[in-house]
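Welcome! Have a look at the chain shown below, then try the short exercises that follow.

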Amino acid sequence: MPEGDAVFLTARRLDRGLAGQILTATDFRWPSLATVDLGGATVHGTGTHGKHLLTRLEHDGRSLTLHTHLKMEGVWRVVDAGRRWPRPAHEARVVLKTGDRDAVGFALGVVELVATADEDSIIGHLGPDLMAKDFDEQEALRRLLADPERPLGEALLDQTVVAGIGTIYLAEVCFLQGAHPLGPVSAVRDPARLLQRARQLLRNGVYYGRPTTAGERKGAVWVFRRQRQSCLRCGTPIQVGEVGPETKRRTTYWCPSCQPESSL
């Protein structure tokens, strides 16, 4: 599932294609919105909160928000009008057309339309957004520390604690912090520093266009998906395990030397 930086880059892509434009036609291939026509709407822009995309429009005097979520397989693409789409048409869930471009959401996991004033009904339960300029660190800390015995990795993946971290940045920020992802939150020596590091990693991901956590080489990571490979810092083989409640198990990675269980 795309993480906060990838979703932020998707919003930027949509803004380049749609912001300030008037929609000439729309096609919602989603049962609850199949009859909706937003032709004539002005697109103000697309914002994000964690892994959620919020495209804000003005239509017939109403302020509306198109909420989409990529889930595991979704993607937005913007192509010049008349050009062939990069994925099969049967995967399209939303088509937004201007005179010059088509913005197409393929294989989206969530599509809904709400009044902009009601956005809290969609994202109000989420924790502070790590990508936000006004990131509320104190609220994020309060939520993270609310259950000290909760496994750290589980807490960081919980979007109601802090929004934007997925399995890549979970593994990478825990490595950089020297924290074991399966240990309790209470074992983290400096939780504020951990959140600051996570925020910086996401920003770096936007700058480089992909997760880049181990130096400036694009795509370089410390531990993510490097099981049985040597730790780039100490040479110890990277280990792999699962974190999260039974119904939401996710894979994570760590160096047993740099992130020893004895430090928990």
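Here are four exercises on this predicted model, each with a worked solution.

**Exercise 1.** Find how many helices and strands the chain has.

*Solution.* Go along the chain from its start and note each element. The tally comes to six helices and 10 strands.

**Exercise 2.** Work out why the radius of gyration of the chain agrees with that of a compact globule.

*Solution.* Start with the length, which is 264 residues. For that length, a compact globule would have a radius of gyration near 18 Å. The chain has 20 Å, so the two agree. For the outline, turn to the principal axes: along them, the C-alpha atoms fill a box of roughly 60 × 35 × 30 Å.

**Exercise 3.** Decide whether T10 is buried or exposed, and describe its surroundings.

*Solution.* First, place the residue: T10 belongs to helix α1, which spans residues 4-18. Next, take its relative accessibility, which is 6%. Buried means under 20%, so T10 counts as buried. Then set aside the neighbours within four places in sequence; T10 still contacts L53, L70 and W76. For the wider picture, buried residues make up 51% of the 264 residues in the chain.

**Exercise 4.** Describe the stretch that the UniProt record annotates as "domain: FPG-type".

*Solution.* Begin with the limits: the annotation, from an unreviewed entry, covers residues 222-260. Now check the secondary structure there, which is 0% helix and 26% strand. Finally, compare the two ends of this stretch: their C-alpha atoms lie 16 Å apart.

Notes. Residues are numbered from 1 along each chain as its sequence is written. This is a predicted model: local features need pLDDT of at least 70, side-chain atom pairs count only at pLDDT 80 or more; totals for chains, interfaces and linings use all residues. Side-chain values use heavy atoms; hydrogens and water are left out. Helices (H or I, at least four residues) and strands (E, at least two) are DSSP runs, numbered from the N terminus. The radius of gyration is taken over C-alpha atoms; the globule rule is 2.2 Å times the number of residues to the power 0.38. Buried means under 20% relative accessible area, exposed over 50%, partly exposed in between (1.4 Å probe, protein chains only). UniProt positions are given in the numbering used here, feature names are shortened, and annotations may be inferred rather than shown by experiment. Contact means heavy atoms within 4.5 Å.
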